[in-house]
Amino acid sequence: MYKHRLVTIIAFLTFLFIFLPLALIIITSFNSADTISLPLQGVSLQWFAKVFKSRALVQSFKNSLILAVAASLLGIIIGLVASTALVKRPSRLSKALLSLFLSPSLIPGIVIGYVLFLFLVVKIQLPLNTALILGHLLVVLPYCVRIIASSLKELDESLEEAARTLGCPPTKAFLVIVLPNLRPAITSAFMLSFINSFNNIPVSMYLKGPGMNTLPYAMMNHIEYNYDPTVSALSVMLMGMTVLFMILLDRSMTRGQTKVVKGE
């Protein structure tokens with residue numbers, strides 16, 4: 001095994017730089033003081049209770065959850081159709097279109113938010129809720145197309161061809177043979193899409209309507225006028241929810257792969 005003291009030190013400092021802010025957030029969320037401060041003046045769970053008492057934070061969490069799920073599901077559907085069309089019929093145009101689908105991820109989010117506001121709200125005059133979903137769809141679509149297209153390219157085409165040779169219709173062959181093999185890719189695409197949509201601020205800032213705050217924007221507003229550990233407590237709850245979601249997702253995917261192996 002390759003060992004070098006300098007590499008070990010750099011790796012340790014990197015992990016420390018990444019996890020130290022998270023540790024500070026966790027510690028300050030249990031502080032009994034009215035401000036975010038160290039050392040702790042006492043241990044208290046009052047800030048966790050205050051999260052649920054804040055109507056602004058609870059409602060913004062619901063808004064972000066609904067928005068992220070809707071945008072991610074739309075992104076998966078459109079990404080699956082687009083990826084299938086681009087991969088199954090390779091050409092110069094399909095390669096160009098595949099690169100075009102990735103372009104929103106290369107543009108700063110604040111630029112995308114401003115352009116979408118001018119086009120969807122000012123010019124087309126769409127309702128703000130519809131414009132907000134379309135804006136988040138544009139944010140998550142590159143992840144869906146890229147991940148699903150990569151998985152489709154690695155999939156053995158002979159499986160689908162064998163099913164069609166045995167008399168299976170094209171649509172049924174895709175649903176029965178191809179789609180189950182794309183499950184890990186679809187799951188990964190949904191996870192990345194959900195996280196990016198849930199945490200997005202620039203697009204939401206331009207396209208949200210009156211009283212339609214998303215959770216990141218509501219947390220920023222709370223910090224602007226309050227310096228208590230409420231946001232720290234909320235951040236700890238979100239981290240715990242993310243870890244639990246990852247564990248459940250990993251177990252479900254492992255069970256699915258085990259069933260496939262047993263079936264074979």
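I9, F12, L13, L16, L20, L24, I27, L38, L40 and V43 form a nonpolar patch on the surface (residues with over 30% relative accessible area and no salt bridge, nonpolar side chains being joined within 5 Å), and together they have about 910 Å² of accessible area, computed by the Shrake-Rupley method with a 1.4 Å probe. The model is predicted, so local features need pLDDT of at least 70 and side-chain atom pairs count only at pLDDT 80 or more, while totals for chains, interfaces and linings use all residues. Residues are numbered from 1 along each chain, and side-chain values use heavy atoms, without hydrogens and water.

**Surface patch**
- L13 lies in helix α1 (residues 5–29), helices being DSSP runs (H or I) of at least four residues.
- At 48% relative accessibility, L13 counts as partly exposed, a class between buried (under 20%) and exposed (over 50%).

**Nonpolar cores**
- The largest nonpolar core (buried nonpolar residues joined through side-chain atoms within 4.5 Å) has 17 residues, and I148, L152, V178 and L182 have the most contacts inside it.
- Helices α3, α6, α8 and α9 each supply at least two residues of this core, and α6 gives the most, with 6 residues.
- A second, separate core of 15 residues includes F48, V51, L215 and L238.

**Salt bridge**
- The count comes to 1 salt bridge, defined as a Lys or Arg side-chain nitrogen within 4 Å of an Asp or Glu carboxyl oxygen.
- K50 pairs with D228, with the closest N and O atoms 2.9 Å apart.
- Because K50 lies in helix α2 and D228 in the loop between α11 and α12, the pair ties together parts that are 178 residues apart in sequence.
- K50 counts as partly exposed at 34% relative accessibility, whereas D228 counts as buried at 7%.

Methods: Buried < 20%, exposed > 50% of the residue type's maximum accessible area, 1.4 Å probe, protein only. Patch = residues over 30% accessible without salt bridge, like charges linked within 9 Å, V, L, I, M, F, W, Y side chains within 5 Å.
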